[in-house]
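Biologist: I am new to this structure and would like to learn how to read its features. Please take them one at a time.

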Amino acid sequence: IKVTSIVHGAISIVNAVATGFGSAMGISLNVQVQIISKKGSGLIFQKGGGSLMIKKIIYDVLQSKYINNNQLLININSEIPSGMGLKSSSAVSNAVALACISLTNKEISDESVLNSAIDASLYSKTTITGAYDDSTACYYGGFVTTDNYKSKILKTENSPTDISAVIFLQNNKKRGDV
C-alpha cells in the first residue's frame with residue numbers, strides 16, 4: 001500500500017503564546033509525506049524525519065499490531081524551511097497524521113488528523129499552546145483565528161489567491177528536511 005499526503009505551511013498573524021488566541025494564514029509552500037507499507041516490520045525513514053514528534057504520531061494513529069506486521073517506508077519531502085516561522089512542524093505533523101490515517105482505510109476525520117498532530121507537537125515540546133492556529137491554517141489554508149487552549153476555530157476566511165509575499169530567510173538556517 002502506498003499513500004501520499006500534502007499539507008501546506010503557514011505564517012502567524014497573531015501569536016497565541018500570550019493569551020491562547022492566535023491567528024495564522026496558509027501559504028503555498030508544502031510538505032509531502034509518502035508512506036509505503038509492505039510485509040515486514042519496522043519504520044524506515046528516508047531523508048531523515050525520524051523525530052520524536054513523527055514517531056509519536058505514527059504509533060498513536062497506527063495500532064502496534066499494524067506496525068509489528070508491516071514495514072513502513074516513510075519519505076518526507078518539504079519545501080518549507082524549518083525553524084523559520086513558516087509552521088513546518090505543524091505541516092509535517094498534519095501530513096504524517098493524514099498519511100497514517102489513510103493507511104488504515106478509515107474515513108478521514110479532519111479532527112482526528114489535527115488532534116494527532118497537536119498531541120504529538122505538545123508531547124515533543126515543539127509547541128507551548130498546541131499550535132491549533134498553525135495546524136488549522138496549514139491543514140485548511142486561508143486565514144484562521146482560534147482558541148488554542150480549547151482547540152476551537154473562531155473564524156475562517158479564504159485568503160486572496162492573487163497575492164504574493166516575499167519571505168526573507170537568514171543564510172545560517174538549513175532549508176528542507178524536518
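Modeller: Start with the naming of elements: helices (H or I, at least four residues) and strands (E, at least two) are DSSP runs, numbered from the N terminus. The model is predicted, so local features need pLDDT of at least 70 and side-chain atom pairs count only at pLDDT 80 or more, while totals for chains, interfaces and linings use all residues. Residues are numbered from 1 along each chain as its sequence is written, and side-chain values use heavy atoms, with hydrogens and water left out.

Biologist: Which elements each supply at least two residues of the lining of the largest pocket?

Modeller: A pocket is an open set of points on a 1 Å grid over the protein atoms alone, where a 1.4 Å probe fits, with protein on both sides within 12 Å along at least five of seven lines; lining residues have an atom within 4 Å of a point. Here, strand 1 (2-14), strand 2 (21-39) and helix 5 (132-140) each give at least two lining residues. Strand 2 has the largest share, 5 residues. The lining has 24 residues, and Gly26, Ile27, Ser28, Leu29 and Ile163 lie nearest the centre.

Biologist: Is Asn30 of strand 2 buried or exposed?

Modeller: Buried means under 20% relative accessible area, exposed over 50%, and partly exposed in between (1.4 Å probe, protein chains only). Asn30 counts as buried because its relative accessibility is 17%. Contact means heavy atoms within 4.5 Å. Leaving aside neighbours within four places in sequence, Asn30 is in contact with residues including Ile6, His8, Asn77 and Glu79.

Biologist: How many salt bridges are there?

Modeller: Side chains of opposite charge can pair when their charged atoms come close. The rule asks for a side-chain nitrogen of Lys or Arg within 4 Å of a carboxyl oxygen of Asp or Glu. By this rule there are 2. One joins Asp60 and Lys56, at 3.0 Å from N to O. Both residues lie in helix 1 (residues 52-61), 4 residues apart, about one turn of the helix. Asp60 is partly exposed at 43%, and Lys56 is partly exposed at 22%.

Biologist: What about Lys87 and Asp134?

Modeller: Their closest N and O atoms are 3.8 Å apart, in a salt bridge. This pair links distant parts of the chain, 47 residues apart: Lys87 is in the loop between strand 4 (70-78) and helix 3, and Asp134 is in helix 5. Lys87 and Asp134 are both buried. Both are also among the residues nearest the centre of the second largest pocket, which is lined by 21 residues.
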